[in-house]
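Several terms used in describing a protein model rest on explicit cut-offs. The questions after the display ask how particular labels are earned.

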Amino acid sequence: MIQGALAVYYREMLLMRRRSLRLLAGMAVSPLLYFVTFGQAVGHSAQLDGVSYAAFLLPGLVAMSSMMQAYSMASEINIARFYFRIFDEFMASPVGPAAYVLGEVLAGVTRGLVASAVIVAIGMAFGIGFQAGALFWLGAGLNAFFFASLAVAMAMIVRTHQDQAILTNFIITPMAFLGGTFFPVEKLPGWAAAVIGLLPLTHASRAIRLASQERPVPDGEWGLLVVAGFLCFMLAIYLTRRVQD
Amino acid sequence: MIAASDLRKSYKDHLALKGVSFSVAPGELYAYLGPNGAGKTTTIRIMTGLTRPDSGLALVAGRDLLRDPKAKACVGMVAQTINLDMELSVAENCDIHGRLFGLSRQRRREKTAEWLARVGLTDRAASPVKTLSGGLRRRVMIARALLHEPAALFLDEPTVGLDADIRRQIWALIKDLQSSGVAIFLTTHYIEEAEALADRVAFLKDGLITATDTPKNLIDVIGAWAAVDLTGKSPAAFFKDRESAMAHAACQAGGVTVRRTSLEDAYLQAMGGGALETAACVGDKPNGSAEKTAGGAT
């Protein structure tokens, strides 16, 4: 299984390397704009959770960007499946659905972590004070794991590129704005905070933010990310197997 | 060796395969012909492990594709559409395939070099696939499919969209593969391709195989000679010998030519798309067996 997963991962990494400049530029543009418009404009005058708004924003952007990049695997898989038909090449090989999903999810995690690194670099360039230790990266990685697994699962459900765009608009975009990226969820009315608390991104943002401030991250946050990621991963395997039927 | 037994597959209310059985021996090329929607691609998808049948048995090299996932290592497939990574090079595409089939690094290098040489693409190994012509891309797909030395090769319309010259080159390559002992299963819409390449041909209609035999025998069933109305107003008539066909042509009003019957004629008869002309001259009856094959078409 590992050999098959590495073959799938290797292909994604080759493609990523081939498109590295475009990808890195794409990963940098949106966070850069958010930093300039929100972080810098508001950051000097406002404080949240005892830190500048820019320092508050950075971990949220890491969570959002790692989510976006990991979830972009759904589009990559759909292009490979519906346009280039490369998905058939995988399915006609001895690589089983579990190995295929693992390879694609690892690629999604890699993209998520690279995107996180880009934001950390931007943050350092702007002189924002934060800590990017092991727990910070663990948060970004688990977040990417969840959304890459979700991406593979969704890619197996949709039947066209248009379906994929609709799913992104209804799931990912709202999550990006509501999942604690730009504001502390705790400031919202109770019912709204409870609803937003159901979003995995909310917990990833909180975990990464606490880690960036060297504050303890509740075990529940890690547990939720691990369990949600594992469930999505298993769902992705099930749906990939179902595609063959 | 490829063997299929009573394959059945339905999609919602549509029965795509209604019990298909066939076998292909090592070194044999088996052409699988049928109109669009007959079930050709469904058969290939089942035999390459891409689709599960509702019932039936699919064996390659004696291994059950439906119960033994590793049996896919015995299968090579050239899909109808170009399913290569366009941004990657020819060698990279082959390398990924080798990894998927568990070949060691050394083996991948050797086999990539060997097969690219056999398809005449050694000097294009580093070229991105997007820079290659359609014919060269097909060759890459064939090389890639054979990299892991499968016992069976499935070719789904391997020359579709290629010009005549390139098609002939691909044919030569397929002939070469046959001699190396690979069992080859070919679907094509070019009937002359099947006639030129196949040891045996199957006609598939509405999810059922209606005839299987050598191209010569399938032709002989309807008659080796055809009298064809060049105006296209009358259907062709088939005869066992040239003399009967000539005699038939002589008593027609004109514009009738006599030629050897092709596999395409036999195919059209089997699909019900052709018809026999009623003999116009006394003692000049079209081939009786052909009448039988025509199945009452008028």
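The exchange below takes up a predicted model and sets its values against the terms used for them.

Q: Why is α7(A) called largely enclosed by the rest of the structure?
A: A residue is buried if 20 or more other C-beta atoms lie within 10 Å of its own, and 19 of the 24 residues of α7(A) are buried, so this helix is largely enclosed by the rest of the structure. The helix, residues 134-157 of chain A, also gives the most to the largest nonpolar core, with 15 residues.

Q: What makes the span of α7(A) close to the expected one?
A: The expected span is 1.5 Å times one less than the number of residues. For the 24 residues of α7(A) that expectation is 34 Å, and the helix reaches 35 Å from its first C-alpha to its last.

Q: Which residues touch the most other members of the largest nonpolar core?
A: Of its 161 residues, these are A:Ala151, A:Val152, B:Ile184, B:Phe185 and B:Leu186. Leaving aside neighbours within four places in sequence, B:Leu186 is in contact with residues including B:Leu29, B:Tyr32, B:Leu155 and B:Leu197, where contact requires C-beta atoms within 7 Å.

Q: Why are β6 and β10 of chain B called edge strands?
A: The open sheet has the order β6-β7-β8-β3-β9-β10 in chain B, with mixed pairing, and β6 (75-78) and β10 (208-213) each pair on one side only. Neighbouring strands of this sheet are turned by 20° against each other on average, direction ignored.

Q: How do you know that β6(B) and β7(B) pair?
A: Pairing requires at least two bridges between two strands, and β6(B) and β7(B), the latter residues 152-156, have four bridges in the parallel sense, so the requirement is met. The bridge partner of B:Gly76 in β7(B) is B:Leu153. Helix α1 (residues 40-47) of chain B lies across β3, β7, β8 and β9 of chain B, and runs at about 150° to β7(B).

Q: How many residues does each chain bring to the contact between chains A and B, and which element supplies the largest share on the side of chain A?
A: Chain A brings 22 residues and chain B 23 residues. On the side of chain A that touches chain B, α1(A) supplies the largest share, eight residues, and by class that side has 11 nonpolar, five polar and six charged residues.

Terms used: Residues numbered from 1 in each chain as written. Chains lettered and ligands numbered in written order. Predicted model: local features only at pLDDT ≥ 70, side-chain atom pairs only at ≥ 80, totals over all residues. Core = buried A, V, L, I, M, F, W, Y, C linked by C-beta atoms within 7 Å. Buried ≥ 20, exposed ≤ 12 C-beta atoms within 10 Å, placed from the backbone. Helix = DSSP H or I, 4+ residues; strand = E, 2+ residues; numbered from the N terminus. Contact = placed C-beta atoms within 7 Å. Nonpolar A, V, L, I, M, F, W, Y, C, P; charged D, E, K, R; others polar. Axes fitted to C-alpha atoms, helices over the stretch in contact; angles between N-to-C directions.
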